[in-house]
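Welcome! Below are a few short exercises, each followed by a worked solution. Have a look at the picture first, then try each task before reading on.

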Amino acid sequence: MDIDRADEFRTAAARNLERGNADTDDIEKFATHADNLEGVDGLNSGPVDDFVDAGARGNAGDPGNVKGALREVRRADEIGSENIRKMSVELKDGNDIKGELDIQLKSGKIIESKSSFGYKGPKVEGQFEKKLRTMRDHQEIDFDGNTLEVRATRVGKKSMVKSKIKKWEGIVSSSDRWDTAKVTIKVVNENTGTVITS
C-alpha cells in the first residue's frame, strides 16, 4: 500500500485476521480501495484509523470498526477520489468531537455510510438530526441547498424512512433554528438499488 499508515495497517491486518475481525478477502479489498483513494484528505484519520485501532488496545476489539471501515472505503472508491473533497469530516468543540460526516464530495454533498438503516423510528430521527446539525454547524459545509445521502447495505421500513425524510426536510425548511434551509435527504438501499426520498 502507498497510504501514509501502510506499516500500521500491515500490523493491524495481521492482528484483525488473527482475532477474526477480518478475513484475507476483506483485507485485500480494503488495501485495494485505500490505494485507489491515496491522497484523499481524511482517509488516514477516518477509515484507516478505524481499521488500525480495532483491537489495538489489547482486547478482542470491535469487528464492526473493520467492517464499517471497509464499507466506507468501498463506497468512497466507487464514488471516485477525483470527486471527494474530504473523508471523516469532524465537528469539534475544543478537543471534543460533536459530530462526524463520512464523505464530503467536491459538489458539497454529504454521504453517510451505514450497514443497516431504517428499522427503528427514533433511531432514524436521531441519526438525521445529528448529521444535519453537524452539517449546519460546520463552517466548511454548505447547509442550505445541500444534500444528505445515507447509503446502507440494508434498509428496513421504507415507508417509515420516507416519512422521517419528509418530516426532517420540513423541520429544517420551516425553523429559524435550522436557518430555514432547504436540504434534500436521500436514503439509498444498495441491496435493491432503491432510492428513498420525500
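**Exercise 1.** What percentage of the 198 residues of the protein count as buried?

*Solution.* Start with what you are looking at: this is a predicted model, where local features need pLDDT of at least 70, side-chain atom pairs count only at pLDDT 80 or more, and totals for chains, interfaces and linings use all residues. Residues are numbered from 1 along each chain as its sequence is written, and side-chain values use heavy atoms, with hydrogens and water left out. Next, fix the term: buried means under 20% relative accessible area, exposed over 50%, and partly exposed in between (1.4 Å probe, protein chains only). By that rule, 46% of the 198 residues are buried.

**Exercise 2.** Find how many helices and strands the protein has, and give their order.

*Solution.* Helices (H or I, at least four residues) and strands (E, at least two) are DSSP runs, numbered from the N terminus. There are 6 helices and 6 strands. Following the sequence, you meet them as α-α-α-α-β-β-β-α-β-α-β-β.

**Exercise 3.** Describe how strand β4 is placed and which way it pairs with strand β3.

*Solution.* Strand β4 covers residues 147–155, and 7 of its 9 residues are buried, so this strand is largely enclosed by the rest of the structure. Now look at its partner (two strands pair if DSSP finds at least two bridges between them). Strand β3, residues 110–117, runs parallel to β4 and joins it over 7 bridges. Within this pairing, glutamate 112 sits opposite valine 150 of β4.

**Exercise 4.** Is threonine 147 buried or exposed, and which residues does threonine 147 touch?

*Solution.* First locate threonine 147: it belongs to strand β4. Its relative accessible area is 16%, so it is buried. For the neighbours, contact means heavy atoms within 4.5 Å. Leaving aside residues up to four places away in sequence, threonine 147 touches Lys109, Ile110, Met135, Thr184 and Lys186.

**Exercise 5.** In the loop between α6 and β5, examine phi of aspartate 179 and threonine 180.

*Solution.* The loop lies between α6 (158–174) and β5 (184–189), and aspartate 179 is in it. Aspartate 179 is not a glycine, yet its phi is positive, about 60 degrees. Threonine 180 is in the loop between α6 and β5 as well, and its phi is near 40 degrees, again positive in a residue other than glycine. Finally, threonine 180 has 41% relative accessibility, so it counts as partly exposed.
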